[in-house]
Amino acid sequence: MTPTSRALIDQLPGSKIREVADSGIGRSDLLPFWFGESDEVTPEPIRRAAADSIHAGETFYSANLGLPELREAIAAYMSRLHLPVTSERIAVCSGGVNALMIGLQAIVDSGDEVVAVVPLWPNLTAQASILGARVKRVSLRFDAEGGWQLDVPALLEQIGPQTRVLLVNAPNNPTGWTLSAAEQAQILAHCRQTGTWIVADEVYERVFFGPAGAPAPFAPATAPSFLDQATPEDRLIVVHSFSKSFLMTGWRLGWMVVPPRLAPAVGKLIEFNTSCSPVFVQRAGLAALRVGEPMVAEVVAKLRRCRDTLLPLLIETPRVRVATPEGGMYAFFQVEGENDSLVFAKRLVREAGLGLAPGAAFGDEGEGWLRWCFASREPARLVEGVARLRRTIG
């Protein structure tokens with residue numbers, strides 16, 4: 001018999017973003033905005049800390065849950081932003097996506113029901129499917145005046161005692177939608193009643209600009225978080241990453257905040273998945289936290305300038321529907337008459353040298369939309385990108 005993978009794995013769709021990117025390989029004139037990362041390199045103090053660690057010979061395993069000093073530093077960082085968090089609740093993982101997978105492995109059985117707020121970065125729902133869960137999707141809705149919104153009562157109707165996990169990503173990739181504190185309180189109270197775990201992907205919490213129309217000086221430290229309202233014993237896993245606000249996408253370093261009693265199980269799963277994050281990468285994470293707020297503030301200020309460069313141009317573009325995102329680093333927009341986002345994204349690469357992510361990559365709810373990552377060191381590249389879009393759509 002021919003060796004094959006599990007049927008479920010064979011049925012998982014490949015990345016449509018990668019498919020579009022592959023169509024642009026070799027183009028020197030391409031403006032790529034398809035991947036979810038800044039085009040700026042990691043700051044030098046962080047890179048130097050990793051190099052110093054390697055030169056010092058730190059090439060061995062660390063504890064499964066991470067270096068104690070890094071866990072302490074993360075706990076202190078989170079406690080400055082939210083209610084106090086102790087280091088026993090911190091698990092260091094090899095990136096946010098690894099943290100999400102391990103978190104789900106700890107609480108999801110085959111056949112469990114998982115409810116997801118969509119459109120959504122596809123890895124989250126794929127991870128639940130890989131574990132054999134039944135994923136139920138509850139969609140955000142787009143309103144031309146109010147942007148992306150969640151019908152909270154409709155969501156809560158879908159969450160019952162049979163629901164093992166609620167997956168929610170806010171600020172959201174790809175839409176930029178953000179949960180309010182009041183909405184989080186409603187969701188948390190309901191999930192306490194049903195015994196449902198909340199897995200909250202909050203990796204964009206620092207990339208938060210406030211409500212659309214808020215003046216530039218408006219600079220909240222963080223988007224609303226479930227950690228602002230939960231107790232340590234709540235069925236809550238909050239996932240974070242160094243990737244976005246610390247410009248460390250390629251380092252693959254993240255963490256999760258878990259109930260204290262779940263931490264030993266998470267440690268076991270890290271052992272069986274990766275054993276630990278590399279020590280030199282963890283040293284880089286420590287350096288990032290030491291550099292701290294000035295760097296994060298600069299990153300967020302640059303992202304705000306990029307958002308405020310791109311969005312007005314898209315809003316003024318004929319046939320385009322878009323809402324100004326409150327958080328994240330993406331504009332999610334629709335061009336009237338372009339209903340197949342994968343075909344349209346490939347056409348933009350071919351005819352305009354413009355690389356965007358097809359909305360279909362984020363589920364059926366994103367079909368007909370495109371995602372534009374505006375994390376660019378040169379806002380002028382965004383202006384040129386809109387010019388190329390306009391020439392293509394006429």
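How much space lies in the largest cavity? I looked this up before anything else, in what is a predicted model. The answer is about 70 Å³.

**Entry: cavities**

I searched the whole structure for cavities of 30 Å³ or more and found two. The largest cavity is lined by Ser-38, Glu-40, Leu-247, Val-299, Lys-302, Leu-303, Cys-306, Ala-375, Ser-376 and Arg-377. I sorted that lining by class and got five nonpolar, two polar and three charged residues.

The second largest cavity holds about 50 Å³ of space. I list its lining as Tyr-77, Glu-202, Val-203, Glu-205, Arg-206, His-240, Ser-241, Ser-245, Phe-246 and Trp-255. By class, this lining divides into four nonpolar, three polar and three charged residues. I kept His-240 and Ser-241 in mind from this lining, since both turn up again in the entry on β9.

**Entry: seven-stranded sheet**

I then traced the sheets. One is an open sheet of seven strands, in the order β2-β10-β9-β8-β7-β3-β4, and its pairing is mixed. Which strands stand at the edges? They are β2 (90–93) and β4; each has a single partner strand, so one side of each is left without a neighbour in the sheet. From one strand to the next, the twist averages 20°.

I checked what packs on this sheet. Helix α5 lies across β2, β7 (163–169), β8, β9 and β10, and runs at about 165° to β9.

**Entry: strand β9**

I looked at β9 (residues 236–241) on its own. Are its residues mostly covered or uncovered? The strand is mostly covered, with six of its six residues buried. In a regular strand the side chains alternate between the two faces of the sheet. I therefore read β9 one face at a time: Leu-236, Val-238 and His-240 are on one side, Ile-237, Val-239 and Ser-241 are on the other, and all are buried.

Next I noted the pairing of β9. Strand β8 (residues 197–201) runs parallel to β9 and is joined to it by four bridges. In that pairing, I found Leu-236 of β9 as the bridge partner of Ile-198. Strand β10 (residues 254–257) runs antiparallel to β9, again with four bridges. Here Val-239 stands opposite Met-256 in β10.

**Entry: four-stranded sheet**

I found an open sheet of four strands as well, ordered β11-β12-β15-β14, with antiparallel pairing. Its edges are β11 (320–322) and β14 (357–358); each has a single partner strand, so one side of each is left without a neighbour in the sheet. I followed β14 to its partner: two bridges join β14 to β15 (residues 369–373), and the two strands run antiparallel. The bridge partner of Pro-358 in β15 is Leu-370.

I also looked for a helix against this sheet. Helix α12 (residues 341–352) lies across β12 (330–335), β14 and β15, and runs at about 45° to β15.

**Entry: largest pocket**

I turned to the pockets. About 1,200 Å³ of space lies in the largest pocket. I count 44 residues in its lining, and the closest to its centre are Ser-15, Ile-17, Trp-121, Pro-122 and Asn-123. The elements that give two or more residues to this lining are α1 (7–11), α2 (16–23), α5 (96–107), α6 (122–130) and β4 (134–139). Which of them gives the most? Helix α6 does, with six residues. By class, I noted 20 nonpolar, 15 polar and nine charged residues in the lining.

Two of these elements appear in the seven-stranded sheet entry. Strand β4, which lends residues to the largest pocket, is an edge strand of that sheet. Helix α5 also lines the pocket, and it lies across strands of that sheet, including β9.

**Entry: second largest pocket**

The second largest pocket has about 280 Å³ of space. I count 16 lining residues, of which Gly-146, Gly-147, Trp-148, Thr-324 and Glu-326 lie nearest its centre. Strand β6 (residues 147–149) gives the largest share of this lining, three residues. By class, the lining has seven nonpolar, seven polar and two charged residues.

Definitions and conventions
Residues numbered from 1 in each chain as written. Predicted model: local features only at pLDDT ≥ 70, side-chain atom pairs only at ≥ 80, totals over all residues. Heavy atoms only, no water. 1 Å grid on protein atoms, 1.4 Å probe; cavity = no way out; pocket = protein on both sides within 12 Å on 5 of 7 lines; lining within 4 Å. Points joined across faces, edges and corners; volume = space filled by probe spheres on them. Nonpolar A, V, L, I, M, F, W, Y, C, P; charged D, E, K, R; others polar. Buried < 20%, exposed > 50% of the residue type's maximum accessible area, 1.4 Å probe, protein only. Pairing = 2+ DSSP bridges. Contact = heavy atoms within 4.5 Å. Axes fitted to C-alpha atoms, helices over the stretch in contact; angles between N-to-C directions.
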